[in-house]
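Let's take a walk through this one together, starting with the overall layout and then zooming in on a couple of threonines.

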Amino acid sequence: MATPTLIHRVTVIDQFRVTPPSGSVPETHLPLTFFDVLWHPSVTVQRIFFFDLPKPYTKSHFLTTQLSTIKQSLSLALQRFYPLAATLTPAPQTGHNEFHYTDVTRSYSL
C-alpha cells in the first residue's frame, strides 16, 4: 500500500522582527551560562506559524487586525524576556560569545 504524498505550499506574506517596545530595555550584554552552551553550536531556530482562518475572514483582515495584535502582544512579552530578542555575538574584551540586546531591527520571515 503506497503512502500518500503531502505537499503544502507556503506563501510568505510579510517579514519582520518583533522586539520589546523601543526604549523599554537598555542595551544589555549577558554571558552564556552552562545551559546556554549546550545550544551554542546548533543552528538558529526559525519558526513558521500557520493560521487557519474561518471562511468569512480574508487575508487582508488578518493582516490589519489579528497580526498587529499578535505582534504587539509579543513585543510586550519580550520586554520581560528580552534575551530572546538578543543576538549571539563575541564579547569585545574576551572574545567569548554572549547575548547582546540592542534596539537594532532585523527582518525574519513569517
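**Two threonines in context**

Thr28 touches Tyr82, Phe99, His100 and Tyr101, leaving aside residues up to four places away in sequence. Keep in mind that we're looking at a predicted model here.

Now step back for the big picture. The protein has two helices and five strands, and reading from the N terminus they come in the order β-β-α-α-β-β-β. Take the contacts with a separation of 6 or more: 73% of them link residues 24 or more positions apart. As for the surface, the protein exposes about 9300 Å², with carbon and sulfur atoms supplying 60% of that. Of its 110 residues, 17% count as buried.

Back to Thr28, which sits in strand S2, residues 28-31. Is Thr28 buried or exposed? Its relative accessibility is 14%, and because the cut-off for buried is under 20%, Thr28 counts as buried. Its side chain also has a polar partner: one of its polar atoms lies 2.8 Å from the backbone oxygen of Pro26.

For a second threonine, head over to helix H2, which spans residues 59-80 and holds Thr65. Thr65 comes in at 31% relative accessibility, so this residue counts as partly exposed. Which backbone oxygen lies 2.6 Å from a polar atom of the Thr65 side chain? That would be the one of His61.

So put the pair next to each other: Thr28 is in a strand and counts as buried, while Thr65 is in a helix and counts as partly exposed.

Terms used:
Residues are numbered from 1 along each chain as its sequence is written. This is a predicted model: local features need pLDDT of at least 70, side-chain atom pairs count only at pLDDT 80 or more; totals for chains, interfaces and linings use all residues. Side-chain values use heavy atoms; hydrogens and water are left out. Helices (H or I, at least four residues) and strands (E, at least two) are DSSP runs, numbered from the N terminus. Buried means under 20% relative accessible area, exposed over 50%, partly exposed in between (1.4 Å probe, protein chains only). A polar contact is a pair of N or O atoms within 3.5 Å; within protein, one must be able to donate a hydrogen and the other to accept it, and residues adjacent in sequence count only if both atoms are side-chain atoms. Contact means heavy atoms within 4.5 Å. Accessible areas come from the Shrake-Rupley method with a 1.4 Å probe; for residues, only the protein chains shown count as cover.
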